[in-house]
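Here are my notes on the aromatic side chains, for when you have the structure open. Tell me if anything reads oddly.

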Amino acid sequence: VHHNGKKMNNITLFILLVVSYLVATESQKLTQDKIDAYVEWLDKHNPFPGKKFQIVPVGKGEEGYVGGLKPIASSDIKAKEVIYEITTDKALFMDEKDDQDRPLVPTFSGILSLLAEKSKGEESTWFPFIQILPKTFHTPLFWSPADLDELKGTSLHVSLEAQNISTLKELDYIRQQEKLLQRIFPSSDTDTPSTSQNLPKEIKTSDWLWAFSVFRSRHLKIENFLFMFPIVDLFNFANKANVDVIIEGEVVKLVAAKDILSGQPLHINDGLVGNRDLLDYYGFVIQDNIHDYYPVGIGLDNSDSLYMKKKGLFQRKGIKEGAVFPLQRLSVNQELIFALRIYHLSVYDFSEADNAFDGKMISVQNEYEVCNSLIDLCEASLEGLTHSIKSDNIMLNKKIPFKLRSAIRIRKAEKRILLANLKLAKQILEKVEEQWQYRSYDIPTGMKEEL
């Protein structure tokens, strides 16, 4: 594919497609009549006499919301009081199989169920709900290359290219499921061709990206299924949440986590989410998010003579191979330390491996290698974060675009986390080196260089 005489790869084309989609839909605003129709529909769709909230538009500059609506308390609410209740049969859900009669990936089922209802227009029983869903998104999936450059060096930037490639591959896979698509989109009008050679056009890239972004940011997992509830998705995020989501079988309850005054916004905290994931999934960040983290993956070397034994130790601890561990600013992740201790096990200290399960040092040599691994990891990651915390703070005190502000918050948080862990690892290393001459068991000194 060429653009302005220049050859483009799939990622560049992908970004141009989503930016075009963003511009094309920017003018579609949420109006009061749509909000009123949604509220009326919700009361009929899932009558709940004890409802303790009302839906209002999000104010200008308010953070932590996906879309333009938010719930606020309609009266004073006591702690542990049920604010709302809904069952899975009132959720948007589809359990489908592909053309090879294999169960469809839950995310695909959710995306297709949303697209199927959207394609029906006003004939859909879900029409008022679909009308209030966001038409545009601020997730990096829709950012321009210039905006994405501000994320360079962060863990999020590393994962975005892989995410974009997988999204295109997923759409291509769905487009090949002719029988599945004919079941979901039975219409035979000229805009929905059903012949096999034209079938890939049935789901436009822009429609898939819209449904993908909506479902990804609004679903709730219950057992192995993903549901989209037509109200739970409006209860957005804050560091100090005042609403808990409680799942009891097929019933989802929204329960006050503390006393709430009438008129106060209602917030949940979905699994202690850091800004990296909030931006990636929902398109916003929270200032000074206490749940920020830097992901670190540990994979065993299958050419290692101790590979199977180390894998067994991982399994015994309940750690999957290739697991990702979150580094945070205030403490070192103990599961990561365990994984590194097992990773650096040698034939000389393998008999002491059980110490790792008790949170203890395996050997001085092993601990020395663990500390150096963490130091190397932090230093290598910091090399990619070229902006200083001081310069980022100066920028944050200025009036800057939302995307730039979000990117700065991500890279600043990751840099602080890496610097804190680097400092801590060096402090531990100093203590380890002090213990070297007093070690009670260890690899013989003469073998250190050999290893």
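1. Tyr-282 is buried in this predicted model, its relative accessible area being 12%. That value falls under the 20% limit, so the label follows directly. Tyr-281 comes out as partly exposed instead, at 32% relative accessible area.

2. Overall, I have 18 aromatic pairs for the structure. One of them is Phe-137 with Phe-142, a stacked pair whose ring centres are 5.8 Å apart, with 20° between the planes. Stacked is the right word because planes under 30 degrees apart get that label.

3. Are the two members of that pair buried or exposed? Phe-137 is buried, with 4% relative accessibility, and Phe-142 is buried too, at 1%.

4. Back to the two tyrosines, Tyr-281 and Tyr-282: they also pair up, with 6.1 Å between ring centres and 40° between planes. The pair is called tilted because an angle that is neither under 30 degrees nor over 60 goes in that class. So this tilted pair joins a partly exposed ring, Tyr-281, to a buried one, Tyr-282.

5. Which residues make up one aromatic cluster? Tyr-38, Trp-41, Trp-126 and Phe-129 do. Worth colouring these as a group when you look.

6. Finally, a couple of lysines over rings. Lys-118 lies over the face of Trp-210, 5.2 Å from the ring centre. Lys-310 has its charged end over the ring of Tyr-343, at 6.0 Å from the centre.

Note on methods: Residues numbered from 1 in each chain as written. Predicted model: local features only at pLDDT ≥ 70, side-chain atom pairs only at ≥ 80, totals over all residues. Heavy atoms only, no water. Phe/Tyr/Trp six-rings, centres within 6.5 Å; stacked < 30°, edge-to-face > 60°. Buried < 20%, exposed > 50% of the residue type's maximum accessible area, 1.4 Å probe, protein only. Lys NZ or Arg CZ within 6 Å of the ring centre and 35° of its normal.
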